[in-house]
Amino acid sequence: MMFAQAKGRKVVDATTAETVGTVTGCVLATEPARIAALRLKPQEDVRLLAWEDIRAFGPDAVIVSPAADRTASTTAADAPDPLGKQLLTASGQQLGPLLDIEFDTTDGHLRRLIGAGVEVSGDALLGAGTYAVVIADTPPGTPPKDPAPQ
């Protein structure tokens, strides 16, 4: 799934069917490259939802564990949302802004990082900060791939 499709999706408690919030962003983790948490515009006092608390990514909503069973997110609340940040190689080459992320809805694994005219494997992620999303350098002579048509 593309993260642009997940943004704005309702987050619903699996037991009560109450809306917990709306997806507004994400927090990335490395080793393995994945979405560690979802940022929410809260209905409750939940602003960051750990991936482990997600039960399903449905076509209309994200279903999460009941409030009593949710784990506290181990991700810092001030971790930046990666979308819109510079996509930067380890050697400092700027590839433009990160426009979207393709991820696996079952485990949060990053499949692709997509910028303007560039697409890289999610496994290339080295880190995400306040200024940039850093990826591994591509082998010399390897041109960036164009994003697949949607």
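In which sense do strand β7 (residues 86-89) and β8 pair, and over how many bridges? The pairing of β7 with β8 is antiparallel and comprises 2 bridges; strands here are DSSP runs of E with at least two residues, helices are runs of H or I with at least four, both numbered from the N terminus, and two strands pair if DSSP finds at least two bridges between them.

1. Basis of the note. This is a predicted model, in which local features need pLDDT of at least 70 and side-chain atom pairs count only at pLDDT 80 or more, while totals for chains, interfaces and linings use all residues. Residues are numbered from 1 along each chain as its sequence is written, and side-chain values use heavy atoms, with hydrogens and water left out.

2. Strands β7 and β8. Glutamine 86 has proline 97 in β8 as its bridge partner. The hairpin of these two strands has 4 residues between them, and glycine 92 adopts a positive phi near 100 degrees there. Of the 10 residues of β8, 7 are buried, so that the strand is mostly covered (buried means under 20% relative accessible area, exposed over 50% and partly exposed in between, with a 1.4 Å probe and protein chains only).

3. Strands β8, β9 and β10. β8 runs antiparallel to β9, and 5 bridges join the two. Within this pairing, aspartate 100 is matched with isoleucine 114 in β9. The β8-β9 hairpin has 6 residues between its strands, with glycine 108 in the turn at a positive phi of about 80 degrees. Strand β9 (residues 110-115) is also joined to strand β10 (residues 118-121), antiparallel and through 4 bridges. Leucine 113 has valine 120 in β10 as its bridge partner, and glycine 117 takes a positive phi near 75 degrees in that hairpin, which has 2 residues between the strands.

4. The six-stranded sheet. An open sheet of 6 strands follows the order β4-β3-β2-β1-β6-β5, with mixed pairing. β4 (48-50) and β5 (54-57) stand at the edges with a single partner strand each, so one side of each lacks a neighbour in the sheet. From one strand to the next the twist averages 40 degrees (axes are lines fitted to C-alpha atoms, for helices over the stretch in contact, and angles run from 0 to 180 degrees between N-to-C directions).

5. Pairings within that sheet. Strand β2 (residues 19-29) and strand β3 (residues 34-42) run antiparallel and are joined by 8 bridges. Leucine 38 in β3 is the bridge partner of cysteine 26, and leucine 38 also stands opposite leucine 49 in β4. Glutamate 31 has a positive phi near 55 degrees in the β2-β3 hairpin, where 4 residues lie between the strands. At the β5 edge, alanine 56 stands opposite isoleucine 63 in β6.

6. Aromatic pairs. The whole structure contains 4 aromatic pairs (rings of Phe, Tyr and Trp, the last by its six-membered ring, pair if their centres lie within 6.5 Å; planes under 30 degrees apart count as stacked, over 60 as edge-to-face and the rest as tilted). The phenylalanine 3 and phenylalanine 103 rings form a tilted pair, because their centres are 6.0 Å apart and their planes lie at 55 degrees. This pair links distant parts of the chain, from helix α1 (residues 3-6) to strand β8 (residues 94-103), with the two positions 100 residues apart in number. Phenylalanine 3 is buried at 0% relative accessibility, and phenylalanine 103 is buried with a relative accessible area of 0%.

7. The ring cluster. Tryptophan 51 and phenylalanine 57 are stacked, with 5.7 Å from centre to centre and 20 degrees between the planes; both residues are buried. Ring pairs link Phe3, Trp51, Phe57 and Phe103 into a cluster.
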